[in-house]
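Colleague: Could you take me through one part of this model in some detail? I would like to follow a single helix and see what surrounds it.

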Amino acid sequence: MSNPLLQPILQDQNTHSGRWMVTIFDNDTNTVDQVEDVLMLATGCDAQEAAIETWEAHTFGKAPVHFASQSGCEEAARIISAIGVKTEVAPEWQD
C-alpha cells in the first residue's frame with residue numbers, strides 16, 4: 001500500500017485572526033477639543049465616548065480608542081495622526 005504524500009501547510013507569521021485596535025498617546029500640542037473632534041470623525045464615536053477616551057489618554061498617557069479590522073484601524077489612525085496625535089495600530093490580543 002502506498003503512503004499518500006502530505007504537503008505541509010505554511011502559515012504566514014504576520015497573520016492575525018482577531019480584532020485590531022488603535023491606541024492614542026497624550027501630547028502637549030493638541031487641545032482636548034481637537035482630540036475629541038478627531039476621535040468622533042475617525043471612529044464614529046459620540047461626544048461622551050470621545051471625552052472619556054481623551055481623558056484616559058491625558059491621565060494615563062495612552063488610551064485604546066478604536067477596535068476593528070486592520071485596515072479599519074489603519075484608516076482611523078491615519079485620520080487621527082493627521083492632527084499630530086501619535087497613534088499605534090496593533091492586534092487587540094497577541095495570538
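Colleague: The part I have in mind is helix H1. Which of the residues of H1 are buried, and what do they pack against?

Modeller: Happy to, and what follows starts with the helix and then moves out to its neighbours. Please keep in mind that this is a predicted model.

Helix H1 covers residues 32-43. It has 12 residues, and the distance from its first C-alpha to its last is 16 Å, close to the 16 Å expected at 1.5 Å a residue. Just after H1 comes Gly 44, with a positive phi of about 80 degrees.

Now to your question. The buried residues of H1 are Val 35, Glu 36, Val 38, Leu 39, Ala 42 and Thr 43. An α-helix has 3.6 residues a turn, so residues three or four places apart point the same way. The partners of the buried residues of H1 are S1, H2, S2 and H3.

Leu 41 also sits in helix H1, but this leucine is exposed because its relative accessible area is 64%, and exposed means over 50%. The C-alpha of Leu 41 is 8.5 Å from that of Ile 80, although the two residues are 39 places apart along the chain. On the H2 side, Gln 48 belongs to helix H2 and is exposed too, with a relative accessible area of 59%. Between the C-alpha atoms of Gln 48 and Glu 36 there are 9.0 Å, with 12 residues separating them along the chain.

The next layer is the core. The largest nonpolar core has 18 residues, and Leu 39 is among those with the most contacts inside it, along with Val 22, Ile 24, Val 65 and Ile 80. Two or more residues each come from strand S1 (20-25), helix H1, helix H2 (47-60), strand S2 (62-68) and helix H3 (70-81). H3 gives the largest share, 5 residues. As a general matter, nonpolar side chains in soluble globular proteins tend to be buried together.

Val 65 is a good place to see how H1 meets the rest. Leaving aside residues up to four places away in sequence, Val 65 touches Leu 39 and Thr 43, and also Val 22, Ile 24, Glu 53 and Ile 80.

Behind this lies the sheet. Its 3 strands form an open sheet in the order S2-S1-S3, with antiparallel pairing. S2 and strand S3 (87-91) are the edge strands, each pairing on one side only. From one strand to the next the twist averages 25 degrees. S1 and S2 run antiparallel and are joined by 6 bridges; one of the pairs there is Phe 25 with its bridge partner in S2, Lys 62.

The other two helices pack on this sheet as well. H2 touches S1 and S2, and its direction makes about 140 degrees with that of S2. H3 touches S1, S2 and S3, and its direction makes about 15 degrees with that of S1.

A last word on the cysteines. Cys 45 is buried, with a relative accessible area of 11%, and Cys 73 is buried at 0%. The count of disulfides is 0.

Methods: Residues numbered from 1 in each chain as written. Predicted model: local features only at pLDDT ≥ 70, side-chain atom pairs only at ≥ 80, totals over all residues. Heavy atoms only, no water. Core = buried A, V, L, I, M, F, W, Y, C linked by side-chain atoms within 4.5 Å. Buried < 20%, exposed > 50% of the residue type's maximum accessible area, 1.4 Å probe, protein only. Helix = DSSP H or I, 4+ residues; strand = E, 2+ residues; numbered from the N terminus. Contact = heavy atoms within 4.5 Å. Pairing = 2+ DSSP bridges. Axes fitted to C-alpha atoms, helices over the stretch in contact; angles between N-to-C directions. Expected span 1.5 Å × (residues − 1). Disulfide = S-S within 2.5 Å.
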